[in-house]
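Visitor: Hi, can you walk me through this one? Short answers, please.

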Amino acid sequence: MVTAVGTGTKSQALKPLTKRNAWKALQIHYKEVRDLHLRKLFADDPARGQRMTIEAVGLFLDYSKNRITDETLKLLFRLAEESGLASRTAAMFSGEKINVTEKRAVLHVALRAPQGTSIVVDGENIVPQVHAVLDKMTDFANRLRSGEWKGHTGKPIRNVINIGIGGSDLGPVMAYEALKHYSDRARTFRFVSNVDGTDFAEAVRDLDPAETLFIVSSKTFTTLETMTNAHTARAWSLQALGGDAKSVAKHFVAVSTNEAEVEKFGIDTANMFGFWDWVGGRYSMDSAIGLSTMLAIGPEHFRAMLDGFHQMDEHFRTAPFERNLPVLMGLLAIWYNDFFGAQTVAVLPYEQYLKRFPAYLQQLTMESNGKHVTLEGKEVTYPTGPIYWGEPGTNGQHSFYQLIHQGTRVIPCDFIAFGQALNPLGRHHDLLLANVFAQGEALAFGKTVEQVKAEGTPDWLVPHRVFEGNRPSNTILAARLTPEVLASWWPSTSIAYLPRVLSGGLTRSTSGAWNLARCWRSALFRSSRARKSLLLATTLRRIISSATTGDSRNRREKLRTGQRGPPARRPASWSHTAGRPKALGRRAVLGSAALSGPEKRPRGHAYLARKRGFQ
Ligand code: F6P
């Protein structure tokens, strides 16, 4: 049995996934490396923390703390090649109808294609259509934001409520929350999705209908939840505005592909913003589905966001696999899911504005990869997409991190952090970053029996205090959360889809580059602000120490009283760091070979130092 890669004239025959040479080689290789500890990998290769990083499109990925060797990567890239990833990517970008179940092109990338470019679907260049809708959205946003657009009674619109569900909700909510810093604070933005009436009731309870605009966002304009909420909104608005049906045109706009249904609802089609069947719901947030985002952050920021998407699209399309962020992240997800049997991936943003990012990513990855058959409808014999879940960082630390550190499962973690705070407040950001780095280090290196005993722990307590380490993680860093940066790590490309791409089971599109890297640490130490660095190093050490003792009460107490934690001792195997007592505080905290000496800092650290304005 063979799998077709691409469709139409460009399809190629492929062996089933588990019969491909690279897959079989990976199975053998897995048995050789599964017991290798990250402590040893770092000790044996002082350059690891430097080598295993990628920087692209304003993002920095540190993937050195994965349970991989150079051979693992070689085999994973070979798997991508044997699976025709390059031709699948080209097929998607060129508008081939790779969504075989719906016989559609998969072209969310066209939504951010710059003006003047050309992407042809069914003989027509679709880029001008995209820009015509963008211009219409811009015009509407300018009128609403300037107060020119008025409600039925002549009052300006102060409240905007997006009604939608799935891709017509999760993207807009996430983008609004993520980019709130850039939003118009004079207006209220809310989102209603659930058919549970409470969602609607709570969203409108303190709002004046005369100042409220609803955006009904639904690709099909038939989805039960959305239409139920839209009709309730219509009744709520009409009742307050004297029952005049003409008011609907002033208080409702639609985002949809279904003009007939929009008209039936009573919305003036002049106020309908269209998109196309080649945009999958979960990739639609930079189409007109992002109208609420544009109203909140303004057309300029929205276009900057599209530019970020486009840059990452181009990176994904053109970078060689070894330097390709989405490809690498997708392959690592396969490595853990299909070889380690890891079932889940934790997404842990150390950035409050990204609190809805894991929920957004869930639809992106799990709706995409939630299949048990290949493109030909054949049952697969291996796990497909992993479960994505997560919470903002430090909240998770007081909830589920115990299980990640000390439980029985392998849970790969993706940490996300930014060099600069959008709301600088005292030591908050330093503490936040100290936490994210400390967690990555503690997960990787753990705490051995010897270390626990050396702390004077009674024998009976030792097993409870040991942290095995060897828990894989990625750290993804950017200088600052901006519309471009948010977009660039997002669904532009293919982490989410790789499992199905490789299995020949791709049904719709490729998507999902949201990940990337560490790099920040040396910024803290290259700084001329030595005091600040020292303070942070001390804090890091305490946090690592308490992360690996699991003693958060102890940690809080120490932080409160300013008492230093016990010196974090590195395992003997970290020989590259031995014999430098003066720098112990710093290096013991940071732990990895990447910081084996001030002269050997990874390139990315300097990058973030620069971005953060530390040098
Ligand atoms: O049920 C999933 C789904 O089809 C998503 O793909 C889509 O984003 C969502 O429902 C909402 O659909 P619509 O935009 O047509 O209301």
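Guide: Here come the ligand site and some helix contacts. The model is predicted: local features need pLDDT of at least 70, side-chain atom pairs count only at pLDDT 80 or more, and totals for chains, interfaces and linings use all residues. Residues are numbered from 1 along each chain as its sequence is written, and side-chain values use heavy atoms, with hydrogens and water left out.

Visitor: Which residues are around the ligand?

Guide: Ile-165, Gly-166, Gly-167, Ser-168, Ser-218, Lys-219, Thr-220, Thr-223, Gly-281, Gln-363 and Glu-367. Being near means that a heavy atom of the residue lies within 4 Å of the ligand.

Visitor: And by class, what is in that shell?

Guide: It has 1 nonpolar, 8 polar and 2 charged residues. Ala, Val, Leu, Ile, Met, Phe, Trp, Tyr, Cys and Pro count as nonpolar, Asp, Glu, Lys and Arg as charged, and the others, Gly among them, as polar.

Visitor: What lies 2.6 Å from an oxygen atom of the ligand?

Guide: A backbone N or O atom of Gly-167 does. A side-chain N or O atom of Ser-218 is also 2.6 Å from a ligand oxygen. For the side chain of Glu-367, the distance from an N or O atom to a ligand oxygen is 3.2 Å.

Visitor: How much of the ligand does the protein cover?

Guide: The protein covers 71% of the 400 Å² of accessible area that the ligand has on its own. Accessible areas come from the Shrake-Rupley method with a 1.4 Å probe.

Visitor: New topic. At what angle do helix 4 and helix 14 pack?

Guide: About 105°, with axes 10 Å apart. Helix 4 is residues 70-82 and helix 14 is residues 325-339. Helices are DSSP runs (H or I, at least four residues), numbered from the N terminus. Axes are lines fitted to C-alpha atoms over the stretch in contact, and angles run from 0 to 180 degrees between N-to-C directions.

Visitor: So what do you call that arrangement?

Guide: Helix 4 and helix 14 are roughly perpendicular, a term for angles of 65 to 115 degrees.

Visitor: Which residues of helix 4 meet helix 14?

Guide: Thr-72, Leu-73, Leu-76, Phe-77 and Ala-80. They meet Leu-328, Leu-331 and Trp-335. Contact means heavy atoms within 4.5 Å. By class, this contact has 7 nonpolar, 1 polar and no charged residues.

Visitor: What about helix 6 and helix 13?

Guide: Their axes come within 10 Å and cross at roughly 150°. That makes helix 6 roughly antiparallel to helix 13, the term for angles over 145 degrees.

Methods. Helices (H or I, at least four residues) and strands (E, at least two) are DSSP runs, numbered from the N terminus. Angles under 35 degrees count as roughly parallel, over 145 as roughly antiparallel, 65 to 115 as roughly perpendicular and the rest as oblique. A polar contact is a pair of N or O atoms within 3.5 Å; within protein, one must be able to donate a hydrogen and the other to accept it, and residues adjacent in sequence count only if both atoms are side-chain atoms.
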